[in-house]
Amino acid sequence: MSLIDTKTPMRWELSSPAKLNLSLRVISRRDDTYHNLCSLFAFCGWYDWLVLDQLDGQNTIACHVDGPQAPINLRPGENLAVRAYDFACKHFGDLPAIRLQLTKNIPNGAGLGGGSSNAAAILRWALEFHQRSLPSASSKLVNSIRTELGADVYPILEGQARLWTGTGDHPGPILSLKSPLYVLVVFPNDHVATSSIFSALDDYDPPVEPDDCLWHEALSGPNSLQAPAQSQSTAIKKLLQSMEKACQTTFDQQDDALKVQMTGSGSACFALFWSKERAREAAQHPELVRLPHYAGPLLTSAWHQPRPLAKILEN
């Protein structure tokens with residue numbers, strides 16, 4: 001029996017968060033040209049919004065993208081939300097035909113995983129629609145997600161702040177915050193290709209050992225890609241300098257940022273604080289205030305709702 005009811009069309013309202021790499025250690029280069037990584041994932045409340053309206057039929061999607069960070073001339077094959085819908089139809093089963101309104105607030109090419117998070121939100125909706133549980137990280141299905149949609153999609157879909165190793169395919173310990181943390185994330189309106197940054201990488205970092213404290217890694221773990229990114233982008237270098245100045249303007253060092261660092265392969269950078277007020281104060285620095293940014297809580301869960309919200313459309 002089909003789960004698709006065309007007599008009572010539905011609307012689903014979803015959000016997809018930005019991810020942060022609180023640390024990103026490049027451990028070694030593999031024979032298959034990929035790299036072994038050790039990365040501590042977390043999230044923040046910089047959201048894209050997805051509204052899905054049910055249409056007649058099944059397994060088709062029409063998508064409109066808007067918002068302050070909507071990409072120009074985005075082709076269908078480049079839209080990870082659309083690709084995730086097609087993937088779900090293929091691997092999970094039939095889905096209602098939908099019209100997707102995607103509002104982009106997360107900058108593209110920022111290392112914040114905006115497109116991957118959009119894809120994760122669609123997969124989460126499709127799993128919920130078919131009343132399926134989250135597949136395990138070692139399953140063939142998850143391997144297909146990585147191959148067809150990208151390495152960041154499953155860690156966001158899984159949705160917990162944790163350490164990921166290998167090529168980002170092996171889940172490690174979950175991060176527990178000993179105290180609330182707040183984050184300022186800033187995008188410098190610049191982008192450097194990930195492949196270019198990796199090609200400029202000279203030094204590797206040691207992995208996080210099993211007995212190491214993830215709390216310490218969150219506060220002081222490095223990003224191996226920051227130095228090569230700065231060498232190729234004056235915008236990233238300038239942003240880090242501006243954030244250092246903005247985050248260390250008080251007499252009380254306890255109010256200073258705990259760390260200032262690039263996330264992922266860039267180009268966005270972040271600063272961690274004990275205080276929400278200090279994060280928001282730093283965001284108002286003259287060199288930062290006009291750049292796209294988020295200031296608010298660091299999140300250890302990607303999904304603030306236990307499941308996607310569904311509404312019956314009014315006639």
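Biologist: Which residue takes a positive phi in the hairpin of strand 5 and strand 6?

Modeller: That's Gly168, with phi near 95 degrees. Keep in mind that this is a predicted model. The hairpin has three residues between its strands.

Biologist: Why do you say that strand 5 and strand 6 pair?

Modeller: Two strands count as paired if DSSP finds at least two bridges between them. Strand 5 and strand 6 (residues 170-174) have three, in the antiparallel sense, so they meet that cut-off. One bridge to look at joins Trp164 to its partner Pro171 in strand 6.

Biologist: And what makes strand 2 a partner of strand 5?

Modeller: Same test: at least two bridges are needed, and strand 2 (residues 35-58) shares four with strand 5, again antiparallel. Leu40 stands opposite Leu163 of strand 5 there.

Biologist: Why is strand 5 called mostly covered?

Modeller: A residue is buried when its relative accessible area is under 20%. Four of the five residues in strand 5 (residues 162-166) are buried, so "mostly covered" fits.

Biologist: What makes the 40 residues around Leu52, Leu123 and Trp125 a nonpolar core?

Modeller: Such a core is a set of buried residues of listed kinds, Leu and Trp included, joined through side-chain atoms within 4.5 Å. The largest set of this sort has 40 residues, and Leu52, Leu123 and Trp125 have the most contacts inside it. Helix 2 (114-129) is among the elements that supply at least two residues; its share, nine residues, is the largest.

Biologist: Which residues belong to the other core?

Modeller: That one lies apart and has 29 residues, including Leu24, Tyr182, Leu225 and Ala295.

Notes
Residues are numbered from 1 along each chain as its sequence is written. This is a predicted model: local features need pLDDT of at least 70, side-chain atom pairs count only at pLDDT 80 or more; totals for chains, interfaces and linings use all residues. Side-chain values use heavy atoms; hydrogens and water are left out. Buried means under 20% relative accessible area, exposed over 50%, partly exposed in between (1.4 Å probe, protein chains only).
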